[in-house]
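Trainee: I'm new to this one. Could you pick a single part and walk me through it slowly?

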Amino acid sequence: MNAIMRRALTGAVVISLAAPLAACGSDQQDAGAGKDSIGLLLPESKAARYEKFDRRIISSRIASLCLECKVDYHNAEQQVDNQRRQFDALVKKGVKVIILDPVDAAAAKSWVDSAAKKGVKVIAYDRLAEGDVAAYVSYDNEKIGRLQGQGILTALGSQAATSDVVMMNGSPTDPNAPAYKKGAHEVLDDKVHKIVFEKDIPDWSAVAAKKEMTDVINAQGAEGFDAVYSANDGMASGIAAALKSAGIKNVPVGGQDAELPALQRVVAGTQYFTIYKEVRPEAETAAEIAFRLLRGKSIKSLTTTTADSKSKSGIPARLFKAQIVTKKNMKNTVVRDGAVRTDLLCEGVTAACKSVGLE
């Protein structure tokens, strides 16, 4: 056989072998693409924590545990349909572990159940998704609600028993919101005179909270309430703006999340407290659980309790503790832990910072 014929035959063999391989690669591309990937689906970017802390800490921890692993990250921007598409795309790629902070916990049930049947492990992060989730990492949300309620009572002091309170609760689609509300009611009911207005705020909207607060002021008058419970800091910003527009001062407002603008309001005196949930242990634990599930290892040492959703009981869980932050302990909590830089905290409120020893 001459050299020309040998080259022609060799080329034909290569082509004939390559063709089925290419076809196989085309068919299997999605199924194998996520083998060493961990999906991370966060619900929105309005709250500063998700992009600044959760995403970065989870990604960093996974990188330190697994050099070959990649984090396939997406943000739903508060849209359920966006998150469903993102979730389905991860499953189609072949991602076997997904960290999910659901926009709507109930809506996620069908996706989670479908994925679980395909061997996908879903870790419910911060909010407990419905369905066959493999693990849950968050905080004890009823305890957070009780902390918030206690914060309102502390702010009212000896006047609590004769005081009227407005309650702006979290989004009805967030499974954490009823727990916050329940915990707050356990503390406030029978300890204050009356809850004069209460509303669940869709999507935790600051704009909606501001409107509701404005309507309360118009209906009740400036003297018609003595304190405002806000389930988070974003809504507290709208509430504080409504109070300021109406010229109302010295009405304590509570919040949650220890966001920088809220901490500045606490220093300035337009918000009485916030709730500090240290993100790092929560995020790093979720990352560690994800890695162990990806490699088929036990997560027992990381899940020290269990949790129940409406659709599943006995979910392996890790629930962290939170703490209340006021002017008095800000230096020894969020500042000490490096959650906020003093120069940023005190920008625009320098005198107030000095008065509480922050400068």
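Mentor: Sure, let's look at helix α3 and what lies around it, keeping in mind that this is a predicted model. Start with helix α3, residues 80-93, and helix α4, residues 109-117: their axes come within 10 Å and cross at roughly 5°. Angles under 35 degrees count as roughly parallel, and therefore α3 and α4 are roughly parallel to each other. Now zoom in on the side where they touch. From α3 you'll find V80, Q83, R84, F87 and V91, and these meet W111, V112 and A115 of α4. Sort the residues of that contact by type and you get 6 nonpolar, 1 polar and 1 charged.

Next, the sheet. It's an open one, built from 7 strands with mixed pairing, and the order is β2-β1-β3-β4-β5-β12-β11. At the edges stand β2 (70-75) and β11 (305-307); each has a single partner strand, so one side of each is left without a neighbour in the sheet. Ignoring direction, neighbouring strands here are turned by 25° against each other on average. For one pairing inside the sheet, try β5 (residues 135-139) and β12 (residues 315-320): they run parallel and are joined by 4 bridges. If you want a spot to click on, S138 has L319 in β12 as its bridge partner.

Back to our helix, then. α3 packs on this sheet, where it touches β1 (37-42), β2, β3 (97-100) and β4 (121-125). The direction of α3 makes about 175° with that of β1. So there's your picture: α3 meets α4 through the residues we named, and it also packs on the sheet.

Notes:
Residues are numbered from 1 along each chain as its sequence is written. This is a predicted model: local features need pLDDT of at least 70, side-chain atom pairs count only at pLDDT 80 or more; totals for chains, interfaces and linings use all residues. Side-chain values use heavy atoms; hydrogens and water are left out. Axes are lines fitted to C-alpha atoms, for helices over the stretch in contact, and angles run from 0 to 180 degrees between N-to-C directions. Helices (H or I, at least four residues) and strands (E, at least two) are DSSP runs, numbered from the N terminus. Angles under 35 degrees count as roughly parallel, over 145 as roughly antiparallel, 65 to 115 as roughly perpendicular and the rest as oblique. Contact means heavy atoms within 4.5 Å. Ala, Val, Leu, Ile, Met, Phe, Trp, Tyr, Cys and Pro count as nonpolar, Asp, Glu, Lys and Arg as charged, and the others, Gly among them, as polar. Two strands pair if DSSP finds at least two bridges between them.
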